[in-house]
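Work through the exercises below with the model open. Try each task before you read its solution.

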Amino acid sequence: MLILTRQPGQIITIQPREDLLPGTPVARLFADGPIEILVTRVQGKQVCLGIQAHPDLLVNRGERKMQGS
């Protein structure tokens, strides 16, 4: 499980790994179950999240903020 701390407006992206073949069935990415996001801590304007996903999915913390934030 990957643990991330985010502030309001910060982004997390979940996407297939670059080396994953385009024809890979989506069912393979969810064979072990769904993507799970767990709120582990909230402190002021920060939230700490745990993210569990198939190893062929990349979880990235974006350094840019959402528009309007």
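**Exercise 1. Describe the cover and pairing of strand 3.**

Step 1. Count the buried residues. Strand 3 has eight residues, and zero of them are buried, so the strand is hardly covered. Buried means under 20% relative accessible area, exposed means over 50%, and partly exposed lies in between (1.4 Å probe, protein chains only). Helices (H or I, at least four residues) and strands (E, at least two) are DSSP runs, numbered from the N terminus.

Step 2. Find the partner. Strand 3 pairs with strand 4 in the antiparallel sense, over seven bridges. Two strands pair if DSSP finds at least two bridges between them.

Step 3. Pick one bridge. Valine 42 has valine 47 of strand 4 as its bridge partner.

Step 4. Inspect the turn. The hairpin of strand 3 and strand 4 has two residues between the strands. Glycine 44 takes a positive phi near 60° there.

Step 5. Zoom in on one residue. Glutamate 36 lies in strand 3. Its relative accessible area is 47%, so glutamate 36 is partly exposed. Leaving out residues up to four places away in sequence, glutamate 36 touches Gly50, Ile51 and Gln52. Contact means heavy atoms within 4.5 Å. The C-alpha atoms of glutamate 36 and alanine 53 are separated by 6.6 Å, with their positions 17 residues apart along the chain.

**Exercise 2. State the ground rules and judge the confidence.**

Step 1. Note the conventions. This is a predicted model, in which local features need pLDDT of at least 70 and side-chain atom pairs count only at pLDDT 80 or more, while totals for chains, interfaces and linings use all residues. Residues are numbered from 1 along each chain as its sequence is written, and side-chain values use heavy atoms, with hydrogens and water left out.

Step 2. Read the scores. pLDDT is the predictor's confidence in each residue, from 0 to 100. The protein chain averages 89, and 90% of the residues score at least 70.

Step 3. Locate the extremes. Confidence is lowest in strand 5 (residues 57-65), at a mean of 80. Confidence is highest in strand 3 (residues 36-43), at 94.

Step 4. Apply the caution. Where pLDDT is low, the predicted coordinates should not be read in detail.

**Exercise 3. Summarise the whole chain.**

Step 1. List the elements. The protein chain has one helix and five strands. Their order along the sequence is β-β-α-β-β-β.

Step 2. Assess burial. Of the 69 residues, 23% are buried.

Step 3. Assess contact range. Take contacts between residues at least 6 apart in sequence: 71% of them join residues at least 24 apart.

Step 4. Assess the surface. The protein chain exposes about 5200 Å², and carbon and sulfur atoms supply 54% of that area. Accessible areas come from the Shrake-Rupley method with a 1.4 Å probe; for residues, only the protein chains shown count as cover.

**Exercise 4. Trace the salt bridges.**

Step 1. Fix the criterion. A salt bridge is a side-chain nitrogen of Lys or Arg within 4 Å of a carboxyl oxygen of Asp or Glu. Side chains of opposite charge can pair when their charged atoms come close.

Step 2. Count. The whole structure holds three salt bridges.

Step 3. Take aspartate 19. Aspartate 19 bridges to arginine 17, with the closest N and O atoms 2.7 Å apart. Aspartate 19 is exposed, at 55%. Arginine 17 is partly exposed, at 31%.

Step 4. Take aspartate 56. Aspartate 56 also forms a salt bridge with arginine 17, the closest N and O atoms being 4.0 Å apart. Aspartate 56 lies in the loop between strand 4 (46-52) and strand 5, and arginine 17 in the loop between strand 2 (10-16) and helix 1 (26-29), so the pair ties together parts 39 residues apart in sequence. Aspartate 56 is buried, with a relative accessible area of 11%.

Step 5. Add arginine 28. Aspartate 56 forms a salt bridge with arginine 28, at 2.4 Å between the closest N and O atoms. This pair links the loop between strand 4 and strand 5 to helix 1, 28 residues apart.

Step 6. Assemble. Arg17, Asp19, Arg28 and Asp56 are linked in a network of salt bridges.

**Exercise 5. Place leucine 29.**

Step 1. Leucine 29 lies in helix 1. Its relative accessible area is 9%, so leucine 29 is buried.

Step 2. Beyond four places in sequence, leucine 29 contacts Leu20, His54, Asp56 and Leu57.
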